[in-house]
Amino acid sequence: PTVFMWQTMKMALADEKIVLDQKWRRAGAVTAQMVIAEDPAPTILRGFSSSNPILVACLSMGMALQLVVAATIFKTKVRTQRNFHALTQIQQIHTLGLMLQFLTLWVLWRMHFEDEPVLYIELLSLAISLPAIIMWWVCVCSAASYTRMDFLLAMHQRTERLLALRAHQRIDKRAEKLLGLLAQGDGGLMYYA
């Protein structure tokens with residue numbers, strides 16, 4: 001599972017690189033209509049923190065340490081703010097799972113061999129107990145909070161890039177007006193401000 005998770009993180013990084021390269025290539029092409037877009041969505045990374053709460057809890061119980069370490073390593077390599085926030089979300093949600101993972105290891109270490117058959121029944125009852133339901137609600141609230149934050153970030157990026165494009169178009173119009181005055185050669189350049 002660790003190799004699979006690591007390859008998934010590498011795939012998310014490669015996906016980001018491909019999308020950004022396509023975006024910069026298209027930005028260089030001359031088109032009649034300008035397109036404003038936010039950074040690429042971290043769809044692969046989103047699955048580690050905001051999918052089914054039961055899946056996130058089970059993933060966190062088994063691979064929390066690997067996920068936190070990988071998110072920390074890949075956080076230095078991402079180029080977009082949305083992927084950075086997704087990796088921060090992975091770190092936050094699975095740090096809680098890391099504590100549960102250490103607690104589980106401590107319980108297993110202290111358990112006697114005779115008590116192990118009871119453990120399976122207790123684990124099944126734990127799935128519908130109050131701590132599990134609280135953890136599921138934490139996962140749901142965390143996923144909702146991340147989704148809202150990602151939506152607001154995407155809207156902010158669109159607005160910011162639209163304003164930058166409009167400012168660039170105003171500069172282009174002023175440059176055209178300036179070139180027109182220069183082409184006329186009537187001395188009107190002195191009064192241009």
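These legends go with a set of close-up views of a predicted model.

**View A. Asp21 and Arg79 pair up in a salt bridge.**
Let's start with a pair of charged side chains. Side chains of opposite charge can pair when their charged atoms come close. Here the N to O distance between Asp21 and Arg79 is 3.9 Å. Asp21 sits in helix 1 (residues 2-28), while Arg79 is in the loop between helix 3 and helix 4 (81-110), so this pair ties together parts that are 58 residues apart in sequence. As for how open it is, Asp21 comes out as partly exposed, at 28% relative accessible area.

**View B. Asp39 and Arg161 form another salt bridge.**
In this close-up, the N to O distance is 2.9 Å. Asp39 belongs to the loop between helix 1 and helix 2 (43-49) and Arg161 to helix 6 (residues 130-184), so the two tie together parts that lie 122 residues apart in sequence. Take a look at the two ends of the pair: Asp39 is buried, at 8% relative accessibility, whereas Arg161 is partly exposed, at 26%.

**View C. Arg82 and Asp150 make a salt bridge between buried residues.**
The closest N and O atoms of this pair are 2.7 Å apart. Arg82 is in helix 4 and Asp150 is in helix 6, so far along the chain that 68 residues separate them, and the pair links these distant parts. Arg82 has a relative accessible area of 5% and is buried. Asp150 is buried too, with 6%. Now back to Asp21 and Arg79 for a moment: salt bridges with shared partners join them and Lys17 into one network. The count for the model is five salt bridges.

**View D. Five residues make a nonpolar patch on the surface.**
Time to move to the outside. Leu96, Met99, Leu130, Ile134 and Val138 build this patch, which covers about 470 Å². Helix 4 and helix 6 are the elements that each give two or more residues to the patch. Helix 6 gives the most, with three residues. One patch member to pick out is Leu130, which is in helix 6. Leu130 is exposed, with a relative accessible area of 58%.

**View E. The largest cavity holds about 60 Å³ of space.**
Next, we go inside. The model has two cavities of 30 Å³ or more. The lining of the largest cavity includes Ala12, Asp15 and Glu16, along with Pro40, Thr43, Leu45 and Asn83. Helix 1 and helix 2 each supply at least two residues of this lining. What mix of residue classes does the lining have? There are six nonpolar, two polar and two charged residues.

**View F. The second largest cavity has about 30 Å³ of space.**
Its lining is made by Met9, Ala12, Leu13, Leu45, Phe74, Val78 and Leu87. Ala12 and Leu45 may look familiar, as they also line the largest cavity. Helix 1 provides the largest share of the lining here, three residues. By class, this lining has seven nonpolar residues, no polar ones and no charged ones.

**View G. Ile73 and Met9 are 64 residues apart along the chain.**
One last pair to find. Ile73 is part of helix 3 (residues 53-75). Its C-alpha atom is separated from that of Met9 by 9.9 Å. Is Ile73 buried or partly exposed? Ile73 is partly exposed, with a relative accessible area of 35%.

Note on methods
Residues numbered from 1 in each chain as written. Predicted model: local features only at pLDDT ≥ 70, side-chain atom pairs only at ≥ 80, totals over all residues. Heavy atoms only, no water. Helix = DSSP H or I, 4+ residues; strand = E, 2+ residues; numbered from the N terminus. Buried < 20%, exposed > 50% of the residue type's maximum accessible area, 1.4 Å probe, protein only. Salt bridge = Lys/Arg side-chain N within 4 Å of Asp/Glu carboxyl O. Patch = residues over 30% accessible without salt bridge, like charges linked within 9 Å, V, L, I, M, F, W, Y side chains within 5 Å. Areas by Shrake-Rupley, 256 points an atom, 1.4 Å probe, with all protein chains shown as cover. 1 Å grid on protein atoms, 1.4 Å probe; cavity = no way out; pocket = protein on both sides within 12 Å on 5 of 7 lines; lining within 4 Å. Points joined across faces, edges and corners; volume = space filled by probe spheres on them. Nonpolar A, V, L, I, M, F, W, Y, C, P; charged D, E, K, R; others polar.
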